[in-house]
Amino acid sequence: IVIGVKNCDLAGLRIQDHIFRDLSPGDASYIESREKTIIVTSDCTDCRDSCFCPVVDQKPYSEAGFDINISPLSENYLLESGSERGEELLKGLARYLRDADEHQLMERAELRRKMEEQLIQQSEAKGLRPGMDLSSSIRESRDSSMWADFAQDCVECGACNFACCTCHCFQLTDGLSDGVPARGKQWDGCLLMNFARVAGGANPRAGRAKRLHNRFEKKFDYFPEVLGCYGCDGCGRCTEVCTGNIDIRAVLKRDCDENQSLHADRGDD
């Protein structure tokens with residue numbers, strides 16, 4: 001049972017499920033773990049300076065995909081089941097619970113509204129807002145010099161890859177396990193130099209600028225096309241751990257600003 005999962009983490013699981021469960025062949029270990037794991041989410045009651053989930057169509061509370069959700073109120077906690085398994089668990093706790101009344105439901109709605117408004121204002125202070133077409137901007141900026149500019153600060157540590165809850169790339173390794181040939185998986189990162197290198201030694205993304213653009217292209221163009229959602233949940237962890245102080249919001253803002261300017265120069269509506 002994983003308790004206290006935030007909606008950004010839950011959104012990340014949708015990406016992981018697509019890669020390791022829904023695509024064929026599925027990862028048997030991942031599928032087994034998911035089936036045996038109970039997800040208990042909780043509403044956000046505060047946010048970090050790096051959070052921007054409303055910009056990528058996410059909310060600071062969960063609406064689906066959980067077994068049980070916990071919403072802190074002024075005097076109580078409101079529990080909501082989101083699956084048959086969650087409903088059965090709450091039935092087992094029935095003697096400790098009572099039905100929520102209209103006042104408590106209204107309080108939850110108001111707390112959620114205030115939290116979401118705080119995040120929107122925080123995002124707008126960084127030049128981002130809900131409803132921005134991030135996909136089109138990323139798609140049209142492949143040849144922009146901005147990727148080289150931001151890549152100058154990248155030290156290829158891979159921290160953003162490994163802190164991200166939607167990143168999922170891995171490499172296969174062959175070796176021996178107790179003297180028996182075995183194949184295993186290791187997490188890999190798209191910003192690492194050898195990520196795209198092939199067996200013959202060629203590397204189509206040898207430069208950091210190309211690797212940085214590839215990272216954004218997959219999250220903000222590829223996943224909206226194949227899943228209908230961004231491959232970024234707005235948690236901002238990549239910004240917090242980046243050794244080169246690259247803020248994902250600054251990258252997105254400049255990308256959108258340049259795309260808007262390009263359209264204005266072309267005379268587009």
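Helices (H or I, at least four residues) and strands (E, at least two) are runs assigned by DSSP, numbered from the N terminus. With that in hand we can place D178, which sits in the loop between strands β5 (170–177) and β6 (180–187). Keep in mind throughout that this model is predicted.

## Two residues with positive phi

Let us stay with D178 for a moment. Its phi is near 55°, a positive value in a residue other than glycine. Is D178 buried or exposed? D178 has a relative accessible area of 84%, so it counts as exposed, the cut-off being over 50%.

E156 also has a positive phi, of about 55°, although it is not a glycine. You will find E156 in the loop between α6 (146–151) and α7 (159–163). With a relative accessible area of 22%, E156 is partly exposed.

## The sheet

Now look for the open sheet, which four strands form in the order β1-β2-β3-β4, with mixed pairing. Which strands lie at its edges? They are β1 (2–5) and β4 (77–81), each of which pairs on one side only. From one strand to the next, the twist averages 20°.

Inside this order, β2 and β3 pair in the parallel sense over three bridges. To see a bridge for yourself, start at T41 and find its partner N69 in β3.

## The loop between β2 and β3

The stretch that joins these two strands holds two residues that are worth a visit. One of them is D67, placed in the loop between β2 (39–42) and β3 (68–72). D67 is buried, with a relative accessible area of 8%. Its side chain makes a polar contact with the side chain of S83, at 2.6 Å. Setting aside neighbours within four places in sequence, the residues in contact with D67 include T37, I38, I39, E80 and S81.

V56 lies in the loop between β2 and β3 as well. At 1% relative accessibility, V56 counts as buried. What brings distant parts of the sequence into view here is the pair V56 and Y230: they are 174 residues apart in sequence, yet their C-alpha atoms are 6.4 Å apart in space. Beyond its neighbours within four places in sequence, V56 is in contact with L134, F220, Y230, C232, D233 and G234.

## Helix α1 and what follows

Helix α1 (residues 7–22) has a kink of about 35°, centred on Q16. Among the buried residues of α1 are N7, C8, L10, A11 and Q16. A general rule is handy when you look along a helix: an α-helix has 3.6 residues a turn, so residues three or four places apart point the same way.

After the helix, look at the peptide bond from S24 to P25, which is cis, with omega near 0°. P25 belongs to the loop between α1 and α2 (28–36).

## Aromatic pairs

How many aromatic pairs does a search of the whole structure find? The search finds seven. Two of them are set side by side here.

| Pair | Centre to centre | Angle between planes | Kind |
|---|---|---|---|
| F20 and Y30 | 5.5 Å | 40° | tilted |
| W147 and F216 | 5.4 Å | 50° | tilted |

F20 lies in helix α1 and Y30 in helix α2, so their pair ties together parts that are 10 residues apart in sequence. Both F20 and Y30 are buried. These two residues also form one aromatic cluster together with F170 and W187.

The other pair in the table links distant parts of the chain: W147 is in helix α6 and F216 in helix α8 (residues 208–226), 69 residues apart. Why do both rings count as buried? W147 has 1% relative accessibility and F216 has a relative accessible area of 5%, and buried means under 20%.

## Q122 in helix α4

Our last stop is Q122, which lies in helix α4 (residues 102–124). Q122 has 18% relative accessibility, so it counts as buried, because the cut-off is under 20%. The side chain of Q122 reaches the backbone oxygen of C51 at 3.0 Å. Not counting residues up to four places away in sequence, Q122 touches C47, R48, D49, S50 and C51.

Methods:
Residues numbered from 1 in each chain as written. Predicted model: local features only at pLDDT ≥ 70, side-chain atom pairs only at ≥ 80, totals over all residues. Heavy atoms only, no water. Buried < 20%, exposed > 50% of the residue type's maximum accessible area, 1.4 Å probe, protein only. Polar contact = N/O pair within 3.5 Å; in protein donor to acceptor, adjacent residues only side chain to side chain. Contact = heavy atoms within 4.5 Å. Pairing = 2+ DSSP bridges. Axes fitted to C-alpha atoms, helices over the stretch in contact; angles between N-to-C directions. Bend = angle between axes of the 7 residues up to and from the residue. Phe/Tyr/Trp six-rings, centres within 6.5 Å; stacked < 30°, edge-to-face > 60°.
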